[in-house]
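Let's take a walk through this structure together. Have the sequence and the 3D view side by side, and we'll go from one helix out to the rest of the chain.

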Amino acid sequence: MTEAFEGAEKLLEVWFAPDEHDVPTEIKGGRSNWTGLRQVGKEVWDGMLDEVQCKVLSVIEGKDVDAYLLSESSMFVWPHKLILKTCGTTTLLLGLPTLLRIASETCSFKGVWRCFYSRKTFMFPDRQRGPHKDWTQEINFLDQLFENSSAYTVGRMNGDHWLLYLTPPRPDVHPRILSPPSDQTLEILMSQLHPSAHLSPIHWESRPSSLKGTAIDSYLFSPCGFSSNAINGDEYATIHVTPEVECSYASFETNLLDSPNIEQLVESVLKVFRPEKLSMTLFISVDEEEQEQDARDKAKGLLSLGAGYERVDRIMYEFQGYLLVYAVWSAVPGDMRLAAIPHCYTYRL
Ligand SMILES: C[S@+](CC[C@H](N)C(=O)[O-])C[C@H]1O[C@@H](n2cnc3c(N)ncnc32)[C@H](O)[C@@H]1O
């Protein structure tokens, strides 16, 4: 890389149905053993990713999800939903109309059931291209594709903040469901990493309780940079590291929040990277009152971090069907715990 790299990712999550059993049965894609979006062949995704300006490096096929390792981050494809996460100066949103066309023409989906798009503030916003030059342009682009959406700026306007665009569930795409899917996602976005935090920082392992094995795909870029996907059943975790000192950044994302608990998980990840600054987002689906209490208990995991960090912000939102917690921390100046050499972290998925 000749100039500083923008590690912060754009993150798109599109749900075409609430559940993998709700996908159309018709198969028109090249992978006829699979249903919904998983029937779409790599060569078709390659065409969409050309518009995003990134490439597939490798793919792993799990029982429930396919994980694509990209030249700029990752893509996960379930039968009913897709997560696309891309960094650098990629033009993620320019691939969205093609994704919607593939979902309709190849997979016979009636439309988008729910969509989420988010990102943190860029380190180098002037280098972004297409609609990603600023948040208003991204909102305008998405508003041409979706109705009744909401766009939020979460956090400090005069500091690091996080941007979120979301659409409400569409009953015309899928009728109101009695028990909406349980869904949770944690993202940890870290910057100003400890200088030793770079080479293959994560070892993945299957949980002892898990009968299914974890499939892992990792890539060490030259001269530096690391990306890794792990999948087990319908659970996934993904990690991306930009170690260059002038723009160091790492992200960790997973939908597995049961083991270990969130505090332990976050602390373990922080021990690897020792970032000076970090923000976290936790989305938890909330349906009934019971789930709401459960979600609030999980969210308490983001109240304090032991390891030499002080909380700058913690903001909670309630959306239709979801609780969101956004929290920002910064390292306590002079705290010796942060000077420790980073650990290698074994993550059990
Ligand atoms: C794709 S990776 C991970 C990006 C991720 N979003 C993150 O959290 O940092 C980016 C790192 O790989 C390095 N890299 C080396 N060759 C690259 C290439 N051909 N494309 C993208 N990144 C490359 C970059 O300089 C950077 O350190």
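Start with helix H2, whose buried residues are Leu-96, Leu-99, Ile-102 and Ala-103. A word on terms: a residue is buried if 20 or more other C-beta atoms lie within 10 Å of its own, exposed if 12 or fewer, and partly exposed in between, with C-beta atoms placed from the backbone. Helices (H or I, at least four residues) and strands (E, at least two) are DSSP runs, numbered from the N terminus. Those four residues sit on the same side of H2, because they cover an arc of only 120° around the axis. That arc is taken from the directions from the helix axis to the C-beta atoms. On the face turned away from the buried side you'll find the exposed residues Arg-101 and Glu-105. And what lies over the buried residues? The cover includes strand S1 (10–15), helix H1 (42–52) and S5.

Before going on, keep in mind that this is a predicted model: local features need pLDDT of at least 70, side-chain atom pairs count only at pLDDT 80 or more, and totals for chains, interfaces and linings use all residues. Residues are numbered from 1 along each chain as its sequence is written.

Now zoom out for a moment. The chain's secondary structure comes to 5 helices and 18 strands, and 42% of its 349 residues count as buried. Of the contacts between residues at least 6 apart in sequence, 68% join residues at least 24 apart. Here, two residues are in contact if their C-beta atoms, placed from the backbone, lie within 7 Å.

Next, look at the residues picked out by the UniProt record. Its "active site" annotation, from an unreviewed entry, covers Ser-73, Cys-87, Ser-227 and His-240. They are spread over 168 residues of sequence, yet they cluster in space, with a largest C-alpha distance of 11.4 Å. UniProt positions are given in the numbering used here, feature names are shortened, and annotations may be inferred rather than shown by experiment.

Take Ser-73 to begin with. UniProt, again in an unreviewed entry, gives this residue the feature "modified residue: Pyruvic acid (Ser)". Ser-73 is in strand S4 (residues 73–77), and it counts as buried because it has 25 C-beta neighbours inside 10 Å. Its phi is near 90°, a positive value in a residue other than glycine. Leaving aside neighbours within four places in sequence, Ser-73 is in contact with Glu-9, Lys-85, Thr-86, Cys-87, Ser-227 and His-240.

Where does Cys-87 sit? You'll find Cys-87 in the loop between strand S5 (81–86) and helix H2 (96–105), so we're back beside the helix we began with. Why is Cys-87 called buried? Because 27 other C-beta atoms lie within 10 Å. Beyond four places in sequence, its contacts include Gly-7, Ala-8, Ser-73 and His-240.His-240, in turn, lies in strand S13 (residues 235–242). It counts as buried, because it has 25 C-beta neighbours inside 10 Å. Not counting residues up to four places away in sequence, His-240 touches Gly-7, Ser-73, Cys-87, Ser-227, Ala-250 and Ser-251.

Some of these names come back when you turn to the ligand. It is surrounded by 21 residues, and the closest are Gly-7, Cys-87, Gly-225, His-240 and Thr-242. A residue counts as near a molecule or strand if its C-beta atom, placed from the backbone, lies within 6 Å of it. S13 and strand S14 (249–254) each supply at least two residues of this shell. By type, the shell divides into 9 nonpolar, 9 polar and 3 charged residues. For that split, Ala, Val, Leu, Ile, Met, Phe, Trp, Tyr, Cys and Pro count as nonpolar, Asp, Glu, Lys and Arg as charged, and the others, Gly among them, as polar.

Now for some strand pairing. Strand S8 (residues 161–166) pairs with strand S6 (residues 114–120) in the antiparallel sense over 5 bridges. Two strands pair if DSSP finds at least two bridges between them. One of the bridge partners to look for is Leu-163 in S8, opposite Arg-119. S8 also pairs with strand S7 (residues 150–155), antiparallel over 6 bridges, and a hairpin joins S7 to S8 through 5 residues. Here the partner of Gly-155 is His-161 in S8.

Finish with two details of the backbone. The peptide bond from Ser-222 to Pro-223 is cis, with omega near 5°, and Pro-223 is in the loop between strand S11 (215–220) and strand S12 (226–232). Gln-192, which is not a glycine, has a positive phi of about 55°. Gln-192 is found in the loop between strand S9 (184–191) and strand S10 (202–205), and it counts as partly exposed because it has 17 C-beta neighbours inside 10 Å.
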